[in-house]
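Me: I have a structure to go through with you, and I would like to take it one question at a time. Could you walk me through it as we look?

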Amino acid sequence: MFGPKVEPKVAHMALKPLKPTLEQEAIIAAAQTGKHLVIQAGAGTGKTATLRMVADVIGDRRAIYLAFNKAIAKEAAASFPSHVRCRTAHAVAMAAVGRAYQHRLNGPRQPARRAAELLGTGWFELGRDMRVSPVQMARIAVDTVRHFCHSAVDDLEYRHVPVQNGIVGADHRALAQVVLPYAKRAWNDLCDKEGTLRFEHDHYLKIWALSKPVIDADVIMLDEGQDSNAVVAQTIQAQSQAQQIIVGDSNQSLYEWRGAIDALQQWDADIQLYLSHSWRFGPEVAAEANKWLTQIGTQLRLVGSPAINSRLGPLDHPSAVLCRTNSEAMRQVMAMLEDGHKVALAGGGNAIRGLAEAAHDLKNGRRTNHPELYVFTSWAALQDYVDNESAGRDLKPFVDLIDSHGTEAIMNAVDSLVDEKRATTVVSTAHKSKGRQWSAVKIADDFAEPHNGEIPRADAMIAYVAVTRAQERLDRGGLAWIDHYPCPDRRAQPGRAVA
């Protein structure tokens with residue numbers, strides 16, 4: 001067999017403590033005071049298990065545990081005591097206001113052209129053979145509403161209009177002025193129980209938040225606080241009747257680009273405590289993680305479990321390969337497929353296939369409707385954008401991938417992917433690896449060392465997430481250059497409270 005069998009999608013601790021650690025005892029004691037707590041929990045440190053311990057000692061106070069997604073909430077419900085409701089924020093919103101809109105959910109897919117007709121969008125001319133079609137205008141308006149729904153503000157604003165590839169500076173400001181009235185029209189439709197636009201779960205969540213709800217609980221426990229949308233964080237912070245216990249890892253806050261905020265850093269808590277003993281990996285992986293925590297600038301330092309024999313070193317047969325970009329992930333997939341291996345791509349290949357199809361159109365002299373590439377009139381125009389505009393840097397790895405391999409090879413590789421249950425290796429970006437773990441992890445070579453010697457904090461966070469996915473073996477690959485940087489041993493002491 002090429003590699004070890006992949007683990008389930010939702011990560012579990014490799015080992016579970018039989019009794020509370022000193023840090024957990026401090027958290028339990030703090031929770032019993034009724035004060036607001038923020039708990040910074042490092043990778044694999046058993047944050048959900050700790051909240052379960054807290055739930056056991058809060059007595060008969062009504063409590064609710066809010067999870068990041070439905071799978072985590074369901075798993076928690078199987079082990080938390082009966083006086084704790086385990087939900088997602090969406091589930092709470094659905095029970096309060098969402099049922100009135102339930103008939104609008106799960107409807108048939110709405111063609112983009114139909115949304116354009118409903119909103120009455122027209123062509124937007126930017127000059128230089130650059131224009132936005134009515135269909136794209138409708139899509140941007142709907143995306144603007146989505147950004148608004150993730151925010152904590154009460155009204156749609158220009159800042160909610162998402163930046164489009166190839167439309168920057170004054171052009172973006174001009175686009176935002178035209179799009180905003182369409183977005184407001186879309187939001188009015190979505191607030192109408194008899195509206196006609198496609199209704200999504202984030203819409204009733206925002207409607208609920210705007211109603212200034214009071215959650216029926218004496219204690220609110222929020223998991224994965226670093227990935228909360230601003231709308232959820234603000235709604236929970238407004239619950240003055242309840243003790244608030246927020247758990248997460250600020251060092252894994254990677255989703256700002258999709259509306260998430262690091263609620264832990266912004267919470268008005270009375271006490272901040274740490275979980276640093278990882279049950280996922282041993283001391284060697286913990287030491288590697290601490291190198292990146294040093295660069296992030298946090299007090300947190302991880303302690304690995306001595307019962308897990310983690311090792312660093314080269315891996316020929318990893319169970320997972322983690323990459324910085326989607327383009328490198330596809331390169332890894334194609335190389336493995338050429339060697340005859342069964343490969344899975346975390347999240348599937350539909351997104352990269354769609355980009356490859358759009359690239360195929362551009363290379364053959366046709367415009368594309370793909371939301372990432374529709375502005376460009378030709379492949380040459382896209383190449384010029386990624387080579388000469390700073391805003392095009394994110395697309396450059398994809399353009400280079402197409403130029404190196406061609407669109408047909410990319411689409412054929414996507415068609416050759418298998419699901420994770422049948423794969424010998426899973427290829428993933430570091431972003432998509434969050435919340436997961438594998439026995440043997442190899443880091444790809446596209447994590448570039450900075451030229452000026454200063455590691456951007458965001459890059460250090462991505463690296464920290466990547467190396468802490470490994471349980472037993474870690475091939476540092478493209479992140480081995482961290483050894484060039486100092487790693488002072490400045491850690492949070494067990495149970496230490498921070499004002």
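**A walk through the model**

Reply: Gladly! Let's begin at one glycine: leaving aside residues up to four places away in sequence, G392 touches Y385 and V386. Do keep in mind that this is a predicted model.

Me: Thanks! Where does G392 lie?
Reply: Look past the end of α14 (379–388) and before the start of α15 (396–405). G392 is found between these two helices, and it counts as buried at 0% relative accessibility. Its place is the loop between α14 and α15.

Me: How far apart in space are G392 and N165, C-alpha to C-alpha?
Reply: In sequence, 227 residues separate G392 and N165. In space, the C-alpha to C-alpha distance between G392 and N165 is 7.2 Å.

Me: Is S327 buried or exposed?
Reply: S327 belongs to helix α12 (residues 326–338). Not counting residues up to four places away in sequence, S327 touches P397, F398 and L401. Its relative accessible area is 4%, and the cut-off for buried is under 20%, so S327 is buried.

Me: Now to the sheet. What is the order of the strands in the open sheet of six strands?
Reply: The pairing in this open sheet is parallel. β3 (84–88) and β8 (271–275) stand at the edges with a single partner strand each, so one side of each has no neighbour in the sheet. On average, neighbouring strands are turned by 20° against each other, direction ignored. Read across, the order is β3-β2-β6-β7-β1-β8.

Me: Which residue of β8 is the bridge partner of I39?
Reply: Strand β1 (residues 37–41) and β8 run parallel and are joined by five bridges. One bridge pairs A41 with L275 in β8. For I39, the partner in β8 is L273.

Me: Which strands does helix α1 touch where it packs on the sheet?
Reply: Helix α1 covers residues 22–31 and packs on the sheet. The direction of α1 makes about 155° with that of β8. The strands α1 touches are β1, β7 (243–248) and β8.

Me: And what angle does the direction of helix α3 make with that of β3?
Reply: Helix α3 (residues 70–77) also packs on the sheet, where it touches β2 (63–67) and β3. Its direction makes an angle with that of β3 of about 165°.

Me: Which residue in β7 does V38 stand opposite?
Reply: V38 is on one side of β1 together with Q40, and L37, I39 and A41 are on the other, all of them buried. β1 also pairs with β7 in the parallel sense, over four bridges. In β7, the residue opposite V38 is I246.

Me: Why is β2 largely enclosed by the rest of the structure?
Reply: One side of β2 carries A63, Y65 and A67, and the other carries I64 and L66; both faces are covered. Five bridges join β2 to β3 in parallel, and L66 has R87 as its bridge partner in β3. β2 is largely enclosed because its buried residues number five of the five.

Me: How many of the 11 residues of helix α17 are buried?
Reply: Helix α17 spans residues 457–467, and its buried residues are A460, M461, I462, A463, Y464, V465, A466 and V467. What covers them includes α11 (283–296), β10 (320–323), β13 (438–443) and β14 (470–475). The helix is largely enclosed by the rest of the structure because the buried residues number eight of the 11.

Me: Let's finish with a pocket. Which helix gives the most to the lining of the second largest pocket?
Reply: The second largest pocket holds about 540 Å³ of space. R109, Q110, A112, R139 and V142 lie nearest its centre, out of 18 lining residues. α5 (112–119) and α6 (134–150) each supply at least two residues of that lining. With seven residues, the helix that gives the most is α6.

Me: How many residues of the lining of the second largest pocket are charged?
Reply: Sorted by class, this lining has nine nonpolar residues and three polar ones. The charged residues in the lining of the second largest pocket number six.

Conventions. Residues are numbered from 1 along each chain as its sequence is written. This is a predicted model: local features need pLDDT of at least 70, side-chain atom pairs count only at pLDDT 80 or more; totals for chains, interfaces and linings use all residues. Side-chain values use heavy atoms; hydrogens and water are left out. Buried means under 20% relative accessible area, exposed over 50%, partly exposed in between (1.4 Å probe, protein chains only). Contact means heavy atoms within 4.5 Å. Two strands pair if DSSP finds at least two bridges between them. Axes are lines fitted to C-alpha atoms, for helices over the stretch in contact, and angles run from 0 to 180 degrees between N-to-C directions. On a 1 Å grid over the protein atoms alone, a cavity is a set of points where a 1.4 Å probe fits but cannot get out, and a pocket is an open set with protein on both sides within 12 Å along at least five of seven lines; lining residues have an atom within 4 Å of a point. Grid points are joined across faces, edges and corners, and a volume is the space filled by probe spheres set on the points. Ala, Val, Leu, Ile, Met, Phe, Trp, Tyr, Cys and Pro count as nonpolar, Asp, Glu, Lys and Arg as charged, and the others, Gly among them, as polar.
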